[in-house]
Amino acid sequence: MSGVGAVTLVGGGPGSLDLLTVGGLDALRRAEVVLYDRLAPHDRLQELAPDAVLVDVGKRPGHHAVAQHEIERMLVEHALDGSRVVRLKGGDSYVLGRGGEEVLACRAAGVPVRVIPGVTSATAVPAAAGIPLTHRGVSHLFTVVSGHAPLTDDEHRHLAGLGGTIVLLMGVATLPGLVAGLVRHGLDADTPVAAIERGFSPQQRTTVSTLAGIVVDAATAGVSSPAVIVIGEVVRLAADGDDAAAQTLSSAGLLGPSMEAQP
Ligand code: SAH
């Protein structure tokens with residue numbers, strides 16, 4: 001009888017293979033079963049995990065291909081069968097990734113589990129569009145928000161009052177509610193906003209607007225998931241990283257002189 005295997009949660013990064021960690025690659029190389037998500041880097045999985053059975057448990061917005069409890073059951077079952085199991089997720093498993101639930105399920109079943117952190121899309125996708133989330137003299141904090149469910153009015157108020165940069169994940173559908181809530185609680189309607197779709201893919205695209213304009217501009221451009229939406233003055237800095245964004249910024253009058261002379 002073989003002993004109990006183990007589960008390794010691998011944060012796969014935002015989609016580009018070169019943003020998978022060395023630890024993640026190593027776990028994949030030794031895996032016997034891999035359960036992967038749609039946003040995890042899975043194009044060359046057969047090559048990276050040559051000995052593994054690959055199971056697509058891909059999640060898409062609005063519907064989970066495989067229910068969360070079923071994923072947890074599969075992880076535990078394969079590990080109890082003695083397999084080395086990798087759970088490959090997009091970004092970082094502990095940033096809006098339900099990694100914590102999977103770890104708890106493994107622990108409850110007596111399955112050894114470890115977590116290899118990944119590069120989260122919350123920071124990496126803005127970076128791919130030339131947007132630093134913090135910048136000396138512009139913003140010294142950022143808040144990562146899930147748009148999966150609408151925020152409460154209290155949360156809108158706190159968020160609007162916090163200052164700094166707001167990073168919205170899973171937020172294309174709920175953006176109108178968030179924008180209305182932030183404006184209602186006093187966030188300047190001229191605050192720049194960027195929506196970066198499909199980061200690190202050939203289809204990466206940045207749509208730049210203001211809090212007042214983003215709902216209409218995103219609808220006009222047909223912005224769709226997956227996208228990371230950045231709200232804050234740091235968006236003006238995108239000009240350095242993305243030619244298309246620079247053009248939009250300048251035609252929208254968002255390239256203030258203040259951005260040209262930062263210390
Ligand atoms: N754990 C993941 C986030 C999972 S939630 C992480 O740390 O990155 C899924 C959301 O992440 C998507 O709706 C989108 O907002 C964002 N996302 C992930 N990969 C992305 C990519 N390549 N481009 C744009 N957004 C992405």
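**Exercise 1. Work out which backbone atoms make polar contacts with the ligand in this predicted model, and how much of the ligand ends up covered.**

Solution. Take N or O pairs within 3.5 Å as the cut-off.

- Step 1: start with Met-170, where a backbone N or O atom sits 2.9 Å from an oxygen atom of the ligand.
- Step 2: go on to the ligand's nitrogen atoms. A polar backbone atom of Pro-14 is 2.9 Å from a nitrogen atom of the ligand, and for Gly-90 a backbone N or O atom is 3.1 Å from a ligand nitrogen.
- Step 3: check the cover. On its own the ligand has 550 Å² of accessible area, and the protein covers 92% of that.

**Exercise 2. Describe the shell around the ligand: which residues come nearest, what classes are present, and which elements give two or more residues?**

Solution.

- Step 1: the shell has 19 residues, and the ones that come nearest are Val-95, Thr-120, Ser-121, Gly-199 and Ala-227.
- Step 2: sort by class, and you get 11 nonpolar, 6 polar and 2 charged residues.
- Step 3: look for elements that give two or more residues to the shell. These are helix 5 (121-128) and strand 12 (227-231).

**Exercise 3. Explain why the ligand can be said to lie between two domains.**

Solution. Just ask where the shell residues come from. Domain 1 (6-119) gives some and domain 2 (122-259) gives some, so the ligand lies between the two.

**Exercise 4. Lay out the sheet that contains strand 1, and find its edges.**

Solution.

- Step 1: this is an open sheet of 5 strands with parallel pairing, and the order reads 3-2-6-1-7.
- Step 2: the edges are strand 3 (53-56) and strand 7 (113-116). Each has a single partner strand, so one side of each has no neighbour in the sheet.
- Step 3: add the twist, which averages 20° from one strand to the next.
- Step 4: zoom in on one pair. Strand 1 (residues 6-11) and strand 6 (residues 84-89) run parallel and are joined by 6 bridges. Ala-6, for instance, has Arg-84 as its bridge partner in strand 6.

**Exercise 5. Do the same for the sheet that contains strand 12.**

Solution.

- Step 1: here too we have an open sheet of 5 strands, but the pairing is mixed and the order is 8-9-12-10-11.
- Step 2: strand 8 (142-146) and strand 11 (205-210) stand at the edges with a single partner strand each, so one side of each is left without a neighbour in the sheet.
- Step 3: direction ignored, neighbouring strands of this sheet are turned by 20° against each other on average.
- Step 4: pick out the antiparallel pair of strand 10 (residues 192-197) and strand 12, which has 5 bridges. Within it, Ala-194 has Val-230 as its bridge partner in strand 12.

**Exercise 6. Look at the backbone geometry of Met-170 and of the bond from Ser-225 to Pro-226: what is phi in one, and is the other cis or trans?**

Solution.

- Step 1: Met-170 is in the loop between strand 9 (165-169) and helix 7 (175-184). Its phi is near 55°, a positive value in a residue other than glycine. Recall that Met-170 also has the backbone atom 2.9 Å from a ligand oxygen.
- Step 2: the peptide bond from Ser-225 to Pro-226 is cis, with omega near 0°. Pro-226 belongs to the loop between helix 8 (214-221) and strand 12.

How values were computed. Residues are numbered from 1 along each chain as its sequence is written. This is a predicted model: local features need pLDDT of at least 70, side-chain atom pairs count only at pLDDT 80 or more; totals for chains, interfaces and linings use all residues. Side-chain values use heavy atoms; hydrogens and water are left out. A residue is near a molecule or strand if one of its heavy atoms lies within 4 Å of it. A polar contact is a pair of N or O atoms within 3.5 Å; within protein, one must be able to donate a hydrogen and the other to accept it, and residues adjacent in sequence count only if both atoms are side-chain atoms. Accessible areas come from the Shrake-Rupley method with a 1.4 Å probe; for residues, only the protein chains shown count as cover. Helices (H or I, at least four residues) and strands (E, at least two) are DSSP runs, numbered from the N terminus. Ala, Val, Leu, Ile, Met, Phe, Trp, Tyr, Cys and Pro count as nonpolar, Asp, Glu, Lys and Arg as charged, and the others, Gly among them, as polar. Domain bounds come from an automatic or database domain assignment. Two strands pair if DSSP finds at least two bridges between them. Axes are lines fitted to C-alpha atoms, for helices over the stretch in contact, and angles run from 0 to 180 degrees between N-to-C directions.
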